[in-house]
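Student: Please take one close look at enclosed empty space in this model, with what surrounds it, and then place that part within the whole chain.

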Amino acid sequence: MKLKALFTCLALCLLIGKMHGQETDSLTNQLPDPAPQAVPADTVPLSQYELSLSDEGLVFKGTSPNNGPVSLRINGEDTTLDVVDAVANLPWDLDRKGTLVFLRSDGKNMALYHASKSGPGQTRLRRIPLWLSVLPPLLAIGLALIFKEVYVSLFLGIWSGAFIAGGLRFDSFSFYFYSLWEVVEKYVVAALNDTGHISVIVFSLMIGGMVAIISRNGGMAGIVNRLSRYAKSAKSSQFVTWLLGIAIFFDDYANTLIVGNTMRTVTDKFRISREKLAYIVDSTAAPVSAVAFITTWIGAELGYIGDAVQHLDNFPGGTPYSIFIASLKYSFYPILTLLFILVVVYTGRDFGPMLKAERRARSTGQVAPPSSGGHTEDMEDLSPVEGAPEKSYNAFIPVALVILVTMYGLLVTGFEGTYGSLIDEGLDLGALSWSGVWQALTESGQEGFFMKLGTLIGNSDSYVALIWASLTGVVSAILLTLSGRIMNLADTMGTMVTGFKTMLPALIILTLAWSLALITDELYTSSYLSANLEDALNPYWMPVIIFILAALIAFSTGSSWSTMAILYPLAIPITWTVCQSQGMDVDLSMEILLNVIAVVLAASVLGDHCSPISDTTILSSLASDCNHIDHVRTQLPYALTVGTFSLLCGFLSTLLGGGALISVLLIVVSIVVLWFIMMRVGKPIEE
């Protein structure tokens, strides 16, 4: 039945694509009509032009005799075409495989084409319906949830995207194979060619090697014995896991891998399901990074905010960091998620798939379901070697070094990055010195310790810091093992490689998820979703609209970072313009804008928590040694429950005039209601 459903789904997707794909021998396609607006004297409306191909490239032919420039965005870049006798030619490299051409005049007026050339005078132009850009991530997500098998689901999602990006060539059987080969040749290779992605892979492998060594040398057993003093029950061990997740606030990747790997043995001891561990790990990592003052996220956030507010009319001003801090009172989803975990832990109740998982673990001792257990637990033996001393420092020192070196690396690269930016601004700082950079920040108007520290962390290279930290951790674990004569060099290196192997299944999923993200970028999925979900422009509804839009984009793309990159430049100026055009006073407009700024980030985290193709969700499964789809299924009801209350709080906060007091009251009321829901709907877990 599942195979029948799979083939039926694929057949429908191909049939729908064929029905909607548009291809003509005359090679003419009407450009999207722009929305009614005042047209500058030197600009010709795009609605008067049709797109076709020549041997040299793209041809824009006017329906009426016009001359002058035509302005539009082609593949994301502003382009001005010179029109002569109603015709504009744009040189474009054409080959047999072809390229995508994305045209956008303004707002929702956009179109996607595939242009190719098979020989002299033989060109092909097909308009690709933009709604098909949503198909690859939805196909991958849907198949993963139906079949509980993520490798094939992601691969089929990428393949469908490659076929769409290849021009929907139903008439040529060979291009089915070209799109199949491009899954690896083009997208997987490109995903692995990104230095940030490679850094995450290396960091994960190093952490896996370190965890394997400190498990085999008895250090992890010593940590468990120490933590057992505080984790004396299922409830207290979950609380300790939550506390560690809050403590490692500076980076979500480091948080996930350290907390999941450290607490897994502790929670197993008290028969806590791997699904519950993965939920606590995942739901503390990104939320705490989203609201902490100093994180590796802060640089991107401040950059987006700063670029968006600098051109706003009548804007009261403020540094990007001060605006970010002021917006935190509206970060309902991260705050409510962190508090809801405490509600779940304290009440000892669960509902939905999580209830089933917890009852299985407590009653049978199977922390992971036998049919879809952890990634490698049955294949690799990471129990302490015979005679290994259960000394906690053999694990504590490497883990502590990972945390400390990460913070040190953020500061080192942050000072270097800030020094470079200050030099670019024309300041003469002489030789690089931390004190000189700190003083220069003060002189440039950045007052306050946390504001300057936030600037430094924002200019840091988190990937470099994580590489330094993971390498330091694994080297220290090796040295402690050898110096204690717990294992010889060959056995220690073999254990490290075993740790690398434990990470491979999740890293394969991560690589496929990155490849799928490349597909969504190439097909302009985010642009399509943004343009079609931003219609309602009542100022009081803006936080609700942006919340839904951000959650959908993050769910479809699996990336909160790309969601921020897409929405911040769009949401901030639209919100401010709408508020001012409707006569709102500056103070209320500012509160709505702060709410929207917080909502973009908060809803991105919600979408990440619900998406099977999110990198942080995948890493949480990896670190907790939990089946990935089981993690998504059990976390989804909790994330959506909190997300619903967060959406209501965002709307009510602006309706009531905004402000910190209103936000605090809404958070308190929400937690009280969530408590009653848990007591009413949730069922206790029998010990």
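Tutor: Contact here means heavy atoms within 4.5 Å. The model is predicted, so to speak a computed proposal, and in it local features need pLDDT of at least 70, side-chain atom pairs count only at pLDDT 80 or more, and totals for chains, interfaces and linings use all residues. Residues are numbered from 1 along each chain as its sequence is written, and side-chain values use heavy atoms, with hydrogens and water left out.

A useful way in is Ser327, which lies in helix 11 (residues 320-327); helices are DSSP runs of H or I with at least four residues, strands are runs of E with at least two, and both are numbered from the N terminus. Ser327 counts as buried because its relative accessible area is 2%, where buried means under 20%, exposed over 50% and partly exposed in between, with a 1.4 Å probe and protein chains only. Once neighbours within four places in sequence are set aside, Ser327 touches Leu594, Ile597 and Ala598. Ala598 also belongs to the lining of the largest cavity, together with Tyr330, Phe332, Tyr333, Pro543, Val544, Phe547, Val599, Ala602, Ser646, Leu647 and Gly650.

A cavity is a set of points on a 1 Å grid over the protein atoms alone where a 1.4 Å probe fits but cannot get out, and its lining residues have an atom within 4 Å of a point. By this rule there are four cavities of 30 Å³ or more, and the largest has a volume of about 60 Å³, a volume being the space filled by probe spheres set on points joined across faces, edges and corners.

Four helices each supply at least two residues of that lining, namely helix 12 (332-347), helix 20 (542-557), helix 22 (586-610) and helix 24 (628-655). By class, the lining holds ten nonpolar residues, two polar ones and no charged ones; Ala, Val, Leu, Ile, Met, Phe, Trp, Tyr, Cys and Pro count as nonpolar, Asp, Glu, Lys and Arg as charged, and the others, Gly among them, as polar.

How far the prediction can be trusted varies along the chain, as judged by pLDDT, the predictor's confidence in each residue from 0 to 100. Helix 12, one of the lining helices, has the highest mean pLDDT among the elements of the protein, 95, whereas strand 1 (residues 22-23) has the lowest, 40. The protein averages a pLDDT of 80, and 84% of the residues score at least 70. Over residues 32-45, however, pLDDT is below 50, and this stretch has 22 contacts in the model beyond near neighbours in sequence.

For the wider setting, the protein has 25 helices and twelve strands, and 57% of its 687 residues count as buried. The largest nonpolar core, a set of buried Ala, Val, Leu, Ile, Met, Phe, Trp, Tyr and Cys residues joined through side-chain atoms within 4.5 Å, has 77 residues, of which Leu112, Leu154, Ile207, Met210 and Leu257 touch the most other members. Apart from this core lies another, of 67 residues, among them Leu549, Ile572, Met590 and Leu666. Leu154, beyond its neighbours within four places, contacts Ala140, Ile509, Leu512, Ala513, Leu516 and Ile613. Among contacts between residues at least 6 apart in sequence, 75% join residues at least 24 apart.

Conventions: On a 1 Å grid over the protein atoms alone, a cavity is a set of points where a 1.4 Å probe fits but cannot get out, and a pocket is an open set with protein on both sides within 12 Å along at least five of seven lines; lining residues have an atom within 4 Å of a point.
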